[in-house]
Amino acid sequence: MVEDSLFIDIRTLKDESINKFLAVTKDNYTKKNPNWHCSGYILDCFDVNSDDRKDIITLLSTAIAGSPRGIYVFDWSTGDIIWKFKMGAFPYLHIINDINNDGKKEILLGTSGTGNNRQPINSTDDFHTYFIVLNNRGELILKHCFGDIGRGMLVFTISGNINQDTYKEIFVINNIEHSHLTKQKKTTFYLYDNEENKLDLKMSTEKSYIDFLLTDINQDEKDELFCVDRENEITVYDYNIKSKTFHLL
């Protein structure tokens, strides 16, 4: 960060700079906000525009200032923005994977309902929570909004193999992050159906969890869902392939 601008600095393992370029600076919406607090995270590096050169996929976000937020993709050698998907929502957890087996990666995002940004961008704000899927060109594949009020909620995105096939499934969990802020009192669990491009509700509970994990604990060649609550209690759910439902292990 240099004053009101965020830069990306690409360095070798010998700490030599290969390239340094401007990522974002304050925009008209945030230039009068002293608490800009912009952060950038490198999510992945892959070729999004078929020029045989890897590009840098970043997540840019701000807290109270509310902008910029979203996915920005840069050409590492020139610093040019190849594409960007701006959001009013607060992007949080992500998965980058080829979900439809077409040889191209998709970007899957969950957001947090922080409730401090009143400016909708691309029809999203942080008074709601969303599950968003983008293709490698930055085009919107799916935007799922979880209810009318999402403040105090947090959308987790995790993947694992729950049904003994050769493909990983995408889990989307709309979880209670701040119970004193949200009007919603249930944590809901969904599976992303990439063929129908929709979320299928699988389970709901009134518990609030702080973390999730998919792993095969009983060596049955499929993953179980581990949920950890705020009292450090672990709950494990198993997926029944025949009924397509979850139950306590």
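## Strands, sheets and a buried isoleucine

Let's start inside: Ile-132 has a relative accessible area of 0%, so this residue is buried. Keep in mind that the model is a predicted one.

**Exercise 1.** Find out which strand holds Ile-132 and which residues it touches beyond its close sequence neighbours.

*Solution.*
- Step 1: Look at residues 130-134. They make up strand E9, and Ile-132 sits in it.
- Step 2: Check how covered Ile-132 is. Buried means under 20% relative accessible area, and Ile-132 comes in at 0%, so it counts as buried.
- Step 3: List the contacts, leaving out residues up to four places away in sequence. Ile-132 touches Phe-85, Met-87, Ile-107, Leu-108, Leu-109, Thr-124, Leu-140, Leu-142 and Lys-143.
- Step 4: Now try a distance. Cys-145 is 13 residues from Ile-132 along the chain, and their C-alpha atoms are 8.8 Å apart.

**Exercise 2.** Work out which strands stand at the edges of the open sheet E3-E4-E5-E6.

*Solution.*
- Step 1: Write down the order. Four strands, E3-E4-E5-E6, form this open sheet with antiparallel pairing.
- Step 2: Look for strands with a single partner. Those are E3 (39-46) and E6 (81-86), so each has one side without a neighbour in the sheet.
- Step 3: Add the twist: ignoring direction, neighbouring strands here are turned by 20° against each other on average.
- Step 4: Zoom in on one pair. E5 (residues 70-75) is joined to E6 by five bridges, and Phe-74 has Ile-81 in E6 as its bridge partner.

**Exercise 3.** Do the same for the open sheet E15-E16-E17-E18.

*Solution.*
- Step 1: This sheet also has antiparallel pairing, with four strands in the order just given.
- Step 2: E15 (209-215) and E18 (245-248) are the edge strands, each pairing on one side only.
- Step 3: From one strand to the next, the twist averages 30°.
- Step 4: Between E16 (residues 224-229) and E17 (residues 234-240) there are four bridges. Here Phe-226 stands opposite Val-236 in E17.

**Exercise 4.** Is strand E11 mostly covered or mostly uncovered, and how is Phe-7 classed?

*Solution.*
- Step 1: Take E11 (residues 153-160). Seven of its eight residues are buried, so to speak mostly covered.
- Step 2: Follow its partner. Eight bridges tie E11 to the antiparallel strand E12 (residues 169-176), with Ile-158 opposite Phe-171.
- Step 3: Turn to Phe-7, which lies in strand E1 (residues 5-11). Its relative accessible area is 33%, so it is partly exposed.
- Step 4: Together with Val-2 and Leu-22, Phe-7 makes a nonpolar surface patch of about 240 Å².

Conventions
Residues are numbered from 1 along each chain as its sequence is written. This is a predicted model: local features need pLDDT of at least 70, side-chain atom pairs count only at pLDDT 80 or more; totals for chains, interfaces and linings use all residues. Side-chain values use heavy atoms; hydrogens and water are left out. Helices (H or I, at least four residues) and strands (E, at least two) are DSSP runs, numbered from the N terminus. Buried means under 20% relative accessible area, exposed over 50%, partly exposed in between (1.4 Å probe, protein chains only). Contact means heavy atoms within 4.5 Å. Two strands pair if DSSP finds at least two bridges between them. Axes are lines fitted to C-alpha atoms, for helices over the stretch in contact, and angles run from 0 to 180 degrees between N-to-C directions. Patches are made of residues with over 30% relative accessible area and no salt bridge: like charges are joined within 9 Å, nonpolar side chains (Val, Leu, Ile, Met, Phe, Trp, Tyr) within 5 Å. Accessible areas come from the Shrake-Rupley method with a 1.4 Å probe; for residues, only the protein chains shown count as cover. A salt bridge is a side-chain nitrogen of Lys or Arg within 4 Å of a carboxyl oxygen of Asp or Glu.
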